[in-house]
Amino acid sequence: MSEGKRLAAEKAIEYVEDGMIVGVGTGSTVAYFIDALARIKHRIDGAVSSSDQSTERLRSHGIDVLDLNATGPLALYVDGADECDPGKHLIKGGGAALTREKIIAEASRQFICIIDPAKQVPVLGTFPLPVEVIPMARSLVARTILETTGGQPVWREGVKTDNGNWVLDIHGLSITDPVALEAKLNQIPGVVSVGLFARRKADVVIVGTPTPTVL
Ligand code: 5RP
């Protein structure tokens, strides 16, 4: 339970307009958003979900979950983050949903990130950076990360993503150029996606302070 997460999620509801199909992220902050969205479900045309977990919660509230291929571009995507820097670059993927989150963020005109104040950092990297990998490429990707970034990749053992892949978490990074690191990691064969949301960063960040701060 986090009051900061709830406050940020409640504020994000103000961005939902009548008739919208809303892109929905994953995690405990988003769970508050989904619960709030349920109150106005008669005003929206449905949601596109970034994970099985969010799909289940949306459906439990009677909100239609639609296929992104059928909806086309979305007006709004709301999601949490593990870290957010002053440039609105994010680390995401703590919940292993990074790939679908990245797809929906890319497909959306406005990406609103909802966080509690503890997620704000001057430089990204204290939170280990998640990377989704094709299982057979796990060691190759880990070795390349070790050699080229100086970070220490750790296999998140026992975790399989909704896409059937594995996750490496890169520890010990200090990410001063998030766009460059995202591009570099994306080049490694076997990487499905990188939990750095830098090239497509958040447009708006809502921080769940007692009177929520909109950045
Ligand atoms: C899931 C994510 C989440 O947005 C991130 O992990 C934050 O989660 P929470 O809201 O539970 O703190 O990227 O892949």
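Is Ala-47 buried or exposed? Select this residue to begin the tour of what is a predicted model. Ala-47 is buried, with a relative accessible area of 0%.

**Stop 1: Ala-47 and strand β2**

With Ala-47 selected, display its strand, β2, which covers residues 46–49. Next, show the residues that Ala-47 touches, leaving aside those up to four places away in sequence. They are Ile-21, Val-22, Val-24, Leu-58, Ile-63, Asp-64, Val-65 and Leu-66. For a distance across the model, pick the C-alpha atoms of Ala-47 and Lys-119: these residues are 72 apart in sequence and 26 Å apart in space.

**Stop 2: Val-24 and strand β1**

From the contacts of Ala-47, move to Val-24. This valine is found in strand β1, residues 21–24. Val-24 counts as buried, at 0% relative accessibility. Add Asp-79 to the selection: 55 residues separate Val-24 and Asp-79 in sequence, yet their C-alpha atoms are 6.2 Å apart in space.

**Stop 3: Ile-104 in helix α5**

Val-24 is also among the residues touched by Ile-104, so select Ile-104 next, a residue that is buried with a relative accessible area of 3%. Ile-104 lies in helix α5, which spans 98–107. Beyond residues up to four places away in sequence, Ile-104 touches Gly-23, Val-24, Val-48, Ser-49, Ser-50, Leu-74 and Tyr-77. A longer span can be drawn from Ile-104 to Leu-168, 64 residues away along the chain, where the C-alpha atoms are separated by 22 Å.

**Stop 4: helices α1 and α2**

Now colour helix α1 (residues 3–12) and helix α2 (residues 28–39). Their axes are 8 Å apart, and the two helices pack at an angle of about 40°. The angle makes α1 oblique to α2. The crossing in which α1 passes α2 is right-handed.

Which residues make the contact? On the α1 side, select Lys-5, Arg-6, Ala-9, Glu-10 and Ala-12. On the α2 side, select Ser-28, Thr-29, Tyr-32, Phe-33, Ala-36 and Arg-39. Sorted by class, this contact of α1 with α2 holds five nonpolar, two polar and four charged residues.

Keep α1 in view and pick out its buried residues, which are Gly-4, Lys-5, Leu-7, Ala-8, Ala-9 and Ala-12. The elements that cover them include α2, β3 (74–79), β6 (108–115) and β12 (204–207).

**Stop 5: helices α2 and α3**

Retain α2 and add helix α3, residues 52–60. Here the packing angle is about 25°, and the axes are 9 Å apart. Helices α2 and α3 are therefore roughly parallel to each other. Again the crossing is to be noted: α2 passes α3 in a right-handed crossing.

To see the contact, show Val-30, Ala-31, Ile-34, Asp-35 and Leu-37 in α2, which meet Ser-54, Arg-57 and Leu-58 in α3. By class, the residues of this contact of α2 with α3 comprise five nonpolar, one polar and two charged. Leu-58 will be familiar from the first stop, as one of the residues touched by Ala-47.

**Stop 6: two positive phi values**

Where is Lys-88 found? Look in the loop between β4 (83–84) and β5 (90–91). Phi of Lys-88 is near 70°, a positive value in a residue other than glycine. Lys-88 is partly exposed, with a relative accessible area of 22%.

Continue to Ala-96, in the loop between β5 and α5. Ala-96 is not a glycine, but has a positive phi of about 65°. Ala-96 is buried, at a relative accessible area of 11%.

**Stop 7: the cysteines**

How many disulfides does a search of the whole structure find? The search finds zero. Select Cys-84, whose nearest cysteine sulfur, that of Cys-113, is 5.6 Å away. Because a disulfide requires a pair of cysteine sulfur atoms within 2.5 Å, Cys-84 is in no disulfide. Turning to Cys-113, its nearest cysteine sulfur is that of Cys-84, and Cys-113 is likewise in no disulfide.

Show the surface to finish. Cys-84 is buried, with a relative accessible area of 3%, and Cys-113 counts as buried at 0% relative accessibility.

Conventions: Residues are numbered from 1 along each chain as its sequence is written. This is a predicted model: local features need pLDDT of at least 70, side-chain atom pairs count only at pLDDT 80 or more; totals for chains, interfaces and linings use all residues. Side-chain values use heavy atoms; hydrogens and water are left out. Buried means under 20% relative accessible area, exposed over 50%, partly exposed in between (1.4 Å probe, protein chains only). Axes are lines fitted to C-alpha atoms, for helices over the stretch in contact, and angles run from 0 to 180 degrees between N-to-C directions. Helices (H or I, at least four residues) and strands (E, at least two) are DSSP runs, numbered from the N terminus. Angles under 35 degrees count as roughly parallel, over 145 as roughly antiparallel, 65 to 115 as roughly perpendicular and the rest as oblique. A crossing is left-handed if the near helix is turned anticlockwise from the far one by less than a right angle, and right-handed if clockwise. Contact means heavy atoms within 4.5 Å. Ala, Val, Leu, Ile, Met, Phe, Trp, Tyr, Cys and Pro count as nonpolar, Asp, Glu, Lys and Arg as charged, and the others, Gly among them, as polar.
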